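Reader: Could you take me through one part of this model at close range? I would like to see how a single helix sits among its neighbours, and then how some other helices pack.

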Amino acid sequence: MTTVAYLINQYPKVSHSFIRREILALAAQGINICRYSIRPCPDQLIDPDDLEELGKTKVLLSVGFLGLAMRLIWGLVNRPIAFAKAWGLATKIGWQSDRGLWRHYIYLAEASVLLHWLRVAKVDHVHAHFGTNPAAVAMLCHALGGPPYSFTVHGPDEFDQPQALHLETKIAHAAFVVAVSSYGKSQLYRWSHPQDWPKIHIVHCGLDHLFLGQPPTAMPETPQLVCIGRLCPAKGQLLLVEAVAQLVAEGVDLRLTLVGEGELRPALETAIAAAQLEQIVTITGWVSSSHIRDYLLNAKIKVLPSFAEGLPVVLMEALALGRPVISTYIAGIPELVEPANGWLIPAGSVTALKEAMRVSLATHTDQLQHMGQVGAHRVAVAHNIETETAKLLQLFTARCSE
C-alpha cells in the first residue's frame with residue numbers, strides 16, 4: 001500500500017475542512033495517509049471530524065527547541081553532503097525573503113524532524129497544502145534525502161508574493177504541483193519555467209455526501225442572506241455591512257448572518273453597532289460543517305464579496321445545496337459562478353454589491369430555485385471529492401511507481 005504524508009502548516013483547522021475531506025477520501029480509496037502539522041492549531045475545534053483528525057496528527061514543533069537542534073546536528077554529522085545541499089537551498093529561498101534567513105533555517109530544522117518521522121513511517125511521498133512554509137519544509141526534507149514531494153497551491157497568498165516565496169524554486173524541485181482552478185494553473189505557469197509546466201495539474205477541491213446528492217430543499221421565503229468565511233479584510237465583510245446598511249435605509253427588508261471568526265470581528269461589531277444593525281446582522285463565530293449546511297439551507301442567497309481568493313469551497317457548498325450566490329469576478333470564482341447560478345460583481349464596489357443583493361432579494365423564489373439547481377449540477381460534475389481525489393491518486397501512484 002502506498003503511504004503518503006500530508007503536510008500542512010496547521011492541521012486540523014476550522015477553515016481547512018476541504019483538506020480533511022481530501023485526506024479521508026484518499027484513505028477510502030486505499031492510500032495510507034500520515035498527517036503532519038508544522039504548528040498546533042490555535043482554533044477551538046468544533047467539528048467532530050476535526051477532533052478525530054487531531055488524534056491522528058503529529059506536530060513538528062512539538063519536539064521543542066532541543067528536538068529541532070538535535071535533528072539538525074544529526075543531519076550535519078551523518079549526512080554532510082545532503083545537509084550542505086539543503087542548507088544552500090534554505091539560504092537561497094530565505095535570502096531577501098520577507099521572513100528572513102533564520103526563519104528558513106528553522107524550516108530546515110523542521111524538515112530534519114520530518115525526515116526522521118517519514119523514515120519511521122516508511123512514507124513514499126509527501127504532499128503539502130499551500131505553497132508557503134509547508135512546501136518549503138517538504139522541499140528541504142527532500143533535499144536532505146527524504147521522499148519526493150508535491151504541493152497544492154490555493155491562492156491568493158502564493159500569488160501575492162510569488163518571488164518572496166520562491167514559488168519557481170519549489171515548483172522546479174517538486175514531483176508535481178496541483179492548482180485548484182484554471183486561474184491558479186495560469187498563475188503557476190506565470191511564475192515557473194516553461195519546462196516545468198507539464199508537472200502542473202488541476203485538481204479541484206471537492207465536496208462529500210454532506211453537500212452533494214442531497215434532495216432539493218425548498219427555498220425559504222424570508223429575506224435571509226448568509227456570508228460564511230474567516231472574518232478578515234480580504235473577504236470584504238465590512239463592505240457587506242455597509243451595503244446592508246444602505247439597503248435597510250432604503251426600506252429593503254433583509255437579514256444577514258456572518259458565519260465565521262477572525263481578526264476583523266471587533267471592527268465588524270463596531271460597524272454593525274454604528275449603523276444600528278444589531279437586529280439585522282448576526283455574527284455566529286465558527287460552527288461545524290453540519291451547521292454550515294443548516295445556515296446555507298436557511299438562506300435565500302450566499303454572499304461572498306471577496307477582494308482576494310483562490311476558489312472558495314463555501315461557494316461550492318452553497319451551490320451544491322441549491323442556493324444561488326453573489327460573489328466577485330476575481331481569481332477562479334468565474335469558473336464556478338455564472339449568470340445561470342448567481343451574480344458576479346466587481347470587487348470593492350459597494351454599489352454593485354448593494355444592487356446585486358437588491359436584485360437577488362427581488363427575484364422570484366421559483367427562479368432562485370432553478371438557479372440553485374443549475375449550480376448544484378455544476379458542482380456535482382466538477383467538485384465531487386471522490387472524482388477529484390481519484391486524479392490525485394493517479395498522480396501519487398504514478399510517482400511512487402517510478
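Reader: Which strands and helices are included in what covers the buried residues of H15?

Author: Happy to, with the reminder that this is a predicted model. The cover over the buried residues of H15 includes two strands, E11 (301–304) and E13 (342–345), together with two helices, H13 (313–320) and H14 (350–362).

Let us look at the helix itself. H15 runs over residues 365–382, which makes 18 residues. From first C-alpha to last it reaches 26 Å, close to the 26 Å expected at 1.5 Å a residue. Its buried residues are Thr365, Leu368, Gln369, Met371, Gly372, Gly375 and Val379. Viewed down the axis of H15, the buried residues fall within an arc of 160°, so they line one face of the helix. The spacing of such a pattern has a familiar background: an α-helix has 3.6 residues a turn, so residues three or four places apart point the same way. Turn to the other side of H15 and you will find Asp366, His377 and Val381 exposed.

Now for the helix pairs, beginning with H10 (residues 237–249) and H11 (residues 265–274). Their axes lie 10 Å apart and the packing angle is about 10°, so H10 and H11 are roughly parallel to each other. Gln237, Leu238 and Val241 of H10 make the contact with Ala267, Leu268, Ala271 and Ile272 of H11. By class, that contact has six nonpolar residues, one polar and no charged ones.

H4 (residues 80–94) and H6 (residues 133–143) offer another arrangement. Their axes come within 8 Å and cross at roughly 155°; these two helices are therefore roughly antiparallel to each other. From H4, the residues Ala82, Lys85, Ala86, Leu89, Ala90 and Ile93 meet Ala136, Met139, Leu140 and Ala143 in H6. This contact of H4 with H6 has nine nonpolar residues, no polar ones and one charged.

Finally, there are H3 (residues 64–78) and H5 (residues 100–121), packed at an angle of about 80° with their axes 8 Å apart. H3 and H5 are therefore roughly perpendicular to each other. On the H3 side are Gly67, Leu68, Arg71, Leu72 and Trp74, which meet Leu108, Ala109, Glu110, Ser112, Val113, His116 and Arg119 in H5. The residues of this contact of H3 with H5 divide into six nonpolar, three polar and three charged.

Key: Residues numbered from 1 in each chain as written. Predicted model: local features only at pLDDT ≥ 70, side-chain atom pairs only at ≥ 80, totals over all residues. Heavy atoms only, no water. Axes fitted to C-alpha atoms, helices over the stretch in contact; angles between N-to-C directions. Helix = DSSP H or I, 4+ residues; strand = E, 2+ residues; numbered from the N terminus. Parallel < 35°, antiparallel > 145°, perpendicular 65-115°, else oblique. Contact = heavy atoms within 4.5 Å. Nonpolar A, V, L, I, M, F, W, Y, C, P; charged D, E, K, R; others polar. Expected span 1.5 Å × (residues − 1). Buried < 20%, exposed > 50% of the residue type's maximum accessible area, 1.4 Å probe, protein only. Arc of directions from axis to C-beta.
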